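Subject: Structure for your files, with notes

Hello,

Here is the structure I said I would pass on. Please open it alongside this email, as the notes below refer to individual residues.

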Amino acid sequence: MRAGFVFAAVFLSVAAMSARAETPAAPPIFLVEDMGNARDQYVSSHLEPFAVYSGADRALDEDDIARFRQVDAARQRAVAAMPFFTGDLDADGRMTLDEYKLANLYESRDEAELGMKARFANFDRNGDGIVTLDEALKSPPLPRMPLAYGLSDTERVAALLALDPNKDGKLTEDEFKALLLSAFSFYDKNGDGALSKAEKAERAATVRQFREEQEKREKP
Ligand SMILES: [Ca+2]
Ligand SMILES: [Ca+2]
Ligand SMILES: [Ca+2]
Ligand SMILES: [Ca+2]
């Protein structure tokens, strides 16, 4: 009886030691950014938006992502329509080059460098000197800021679902919380729930390395 107990205790502590000795996989970069220094704050700052985008059942699935994509697509249409609505000064449903120039007099220098005429021509798909809403919506998007960590909001949420540990098509709040805790503990080596200076430095180095690799990929 006692021998059995000792054996079980030794077995359990060996199992625990080997689990600790195992090198945990580095968490995906989008869980490392904005990690801050405090575990509780890190977890709650991710769980709050999760409660919104995972829907009433508090579990993320493909339906939630489809809804997310729909919202994203609508926002992109709104962005594409924006130059038309801000440029059609007399609101007659037709934007001329003169209207466009006037509407964009005060824009930033960066945008001005792209060339007002060239940009107008980009909107004027049939080249008749008039831009309609339909043409604005069909125009190739203007260059925009590169995405942080190369992922749009929708892609981030989709990437989260891909992390589902039991692969049942749903990432529950508990599963997500466990992912967050393991991401934090990857850097919190002494497990005190806070990142020390050295632990912070390791996290910062990971982020820096990712950014450098990303820059290399973008500028070959
Ligand atoms: Ca007009
Ligand atoms: Ca036209
Ligand atoms: Ca799951
Ligand atoms: Ca720590």
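What follows is a short account of what was found, from the overall picture down to single residues.

Overall

Please keep in mind that this is a predicted model. The protein has 220 residues, of which 15% count as buried. Its secondary structure amounts to 11 helices and 4 strands. Taking contacts between residues at least 6 apart in sequence, 63% join residues that are at least 24 apart.

Helix α4

Helix α4 covers residues 62-87. Its 26 residues should span 38 Å at 1.5 Å a residue, and the end C-alpha atoms are indeed 38 Å apart, so the two values agree. There is nevertheless a kink of about 40° in α4. The kink lies at A81, shortly before the proline P83. P83 is itself buried, as are D64, F84 and G87 in the same helix.

The packing of α4 against α9

Two packed helices are described by the angle between their axes and the distance between the axes. For α4 and α9 (residues 153-161), the angle is about 170° and the axes are 9 Å apart. Angles over 145 degrees count as roughly antiparallel, and α4 and α9 are therefore roughly antiparallel to each other. On the α4 side the residues that meet α9 are I65, F68, R69 and D72. On the α9 side they are D153, T154, V157, A158 and L161.

F68 is a useful residue to look at here. F68 sits in helix α4 and, leaving aside neighbours within four places in sequence, is in contact with Y53, T154 and V157. The C-alpha atoms of F68 and D153 are separated by 8.6 Å, although the two residues are 85 apart along the chain. Is F68 buried or exposed? F68 counts as partly exposed, because it has 19 C-beta neighbours inside 10 Å, and a residue needs 20 or more to be buried.

The annotated span

UniProt lists residues 151-186 as "domain: EF-hand", in an unreviewed entry. In the model this span is 64% helix and 6% strand. The end C-alpha atoms of residues 151-186 lie 22 Å apart.

A183 and K200

A183 lies in helix α10, residues 173-187. A183 is buried, because 23 other C-beta atoms lie within 10 Å. Apart from residues up to four places away in sequence, A183 touches P27, L31 and V32. The C-alpha atoms of A183 and M35 are separated by 9.2 Å, with their positions 148 residues apart along the chain.

K200 belongs to helix α11, residues 197-218. K200 is partly exposed, with 15 other C-beta atoms within 10 Å. Its contacts, again not counting residues up to four places away in sequence, are N37 and L195. K200 and Y187 are 13 residues apart along the chain, and their C-alpha atoms are separated by 7.5 Å.

Two backbone angles to check

Most residues other than glycine have a negative phi. Which residues have a positive phi although they are not glycines? Two cases are noted here:

- D34 has a positive phi of about 50°. D34 is in the loop between α2 (29-32) and α3 (39-53), and is exposed, with 11 other C-beta atoms within 10 Å.
- A91 has a positive phi of about 55°. A91 is in the loop between α4 and β2 (95-96), and is exposed, with 7 other C-beta atoms within 10 Å.

Residues to find in the viewer

If time is limited, these places cover the main points:

- A81, for the kink in α4.
- F68, for its contacts with T154 and V157.
- A183, for a buried residue in α10.
- D34 and A91, for the positive phi values.

Regards

Notes:
Residues are numbered from 1 along each chain as its sequence is written. Chains are lettered from A and ligands numbered from 1 in the order in which they are written. This is a predicted model: local features need pLDDT of at least 70, side-chain atom pairs count only at pLDDT 80 or more; totals for chains, interfaces and linings use all residues. Helices (H or I, at least four residues) and strands (E, at least two) are DSSP runs, numbered from the N terminus. A residue is buried if 20 or more other C-beta atoms lie within 10 Å of its own, exposed if 12 or fewer, and partly exposed in between; C-beta atoms are placed from the backbone. The expected span of a helix is 1.5 Å times one less than its number of residues. The bend at a residue is the angle between axes fitted to the seven residues ending there and the seven starting there. UniProt positions are given in the numbering used here, feature names are shortened, and annotations may be inferred rather than shown by experiment. Axes are lines fitted to C-alpha atoms, for helices over the stretch in contact, and angles run from 0 to 180 degrees between N-to-C directions. Angles under 35 degrees count as roughly parallel, over 145 as roughly antiparallel, 65 to 115 as roughly perpendicular and the rest as oblique. Two residues are in contact if their C-beta atoms, placed from the backbone, lie within 7 Å.
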